[in-house]
Amino acid sequence: MSLSAASTVLALAISVISLATSAVVSARQLRLANNSNVLPVVVELFRETRQPDRLVSLFYDDVGKLVAHGVVDERLIIGSYGPNIVNMWEVLAPYFYRERELTTKRMSFQLA
């Protein structure tokens with residue numbers, strides 16, 4: 001292979017890698033932009049559902065929802081609150097799921 005052909009192949013490879021990197025970064029920025037638009041609304045909705053006797057459990061429920069829906073990266077939550085938050089979620093999850101079932105039924109009844 002001649003030197004000019006090798007340099008052309010190298011330039012093409014660099015261009016393809018640059019294009020792929022740009023596409024990945026753009027997709028990530030788009031996801032982050034969407035999350036930043038959604039997050040204030042979600043936080044406000046969560047604030048409306050809080051009751052004083054269940055603030056701690058609802059906080060962990062809200063954090064779990066944000067992670068489950070990809071609004072917040074799980075690594076950020078674990079980095080901020082430590083691995084104990086995962087243990088707490090595992091203990092409290094059945095209660096959250098039951099509360100959601102009851103709340104959803106109640107809300108469906110009210111809408112009918």
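In which helix does Glu-101 lie? In this predicted model, Glu-101 belongs to helix 4, and that helix is a useful place from which to explore the rest of the chain.

It helps to begin with the overall plan. The protein contains 4 helices and 0 strands, so that, read from the N terminus on, its elements follow the order α-α-α-α. Of the 112 residues in the protein, 16% are buried.

Let us return to helix 4, which covers residues 84-111. Here Glu-101 has a partner in Arg-98, for the two residues both sit in this helix and are 3 residues apart, which is about one turn of the helix. Their side chains form a salt bridge, with a distance of 3.1 Å from N to O, and a polar contact of 3.1 Å is also listed between the side chains of Glu-101 and Arg-98. Neither partner is buried or fully exposed: Arg-98 has a relative accessible area of 42% and is partly exposed, while Glu-101, at 41% relative accessibility, is likewise counted as partly exposed.

The structure holds 2 salt bridges, and another salt bridge is found between the side chains of Arg-75 and Asp-73, where the distance from N to O is 2.6 Å. In this pair, Arg-75 is exposed, with a relative accessible area of 65%, whereas Asp-73 is partly exposed, with a relative accessible area of 36%.

From these charged pairs we can turn to the nonpolar residues. In soluble globular proteins, nonpolar side chains tend to be buried together. In this model, the largest nonpolar core is made up of 9 residues, namely Tyr-60, Val-63, Leu-66, Val-71, Val-72, Ile-77, Ile-85, Leu-92 and Phe-96. Helix 2, which spans residues 55-68, and helix 4 each contribute at least two residues to this core.

What, then, lines the second largest pocket? The lining consists of Tyr-60, Val-63, Gly-64, Val-67, Ala-68, Glu-74, Ile-77, Ile-78, Ile-85, Val-86 and Trp-89, and the space within this pocket comes to about 220 Å³. Two or more lining residues come from each of helix 2, helix 3 (74-81) and helix 4, and helix 2 gives the most, with 5 residues. Sorted by character, the lining has 9 nonpolar residues, 1 polar residue and 1 charged residue.

A careful reader who compares the two lists will find that Tyr-60, Val-63, Ile-77 and Ile-85 appear both in the largest nonpolar core and in the lining of the second largest pocket. Helix 4 therefore makes a fitting place to end, as it has been met in several roles: it holds the partly exposed residue Glu-101, it supplies at least two residues of the core, and it gives two or more residues to the lining of the second largest pocket.

Technical notes
Residues numbered from 1 in each chain as written. Predicted model: local features only at pLDDT ≥ 70, side-chain atom pairs only at ≥ 80, totals over all residues. Heavy atoms only, no water. Salt bridge = Lys/Arg side-chain N within 4 Å of Asp/Glu carboxyl O. Buried < 20%, exposed > 50% of the residue type's maximum accessible area, 1.4 Å probe, protein only. Core = buried A, V, L, I, M, F, W, Y, C linked by side-chain atoms within 4.5 Å. 1 Å grid on protein atoms, 1.4 Å probe; cavity = no way out; pocket = protein on both sides within 12 Å on 5 of 7 lines; lining within 4 Å. Points joined across faces, edges and corners; volume = space filled by probe spheres on them. Nonpolar A, V, L, I, M, F, W, Y, C, P; charged D, E, K, R; others polar. Polar contact = N/O pair within 3.5 Å; in protein donor to acceptor, adjacent residues only side chain to side chain.
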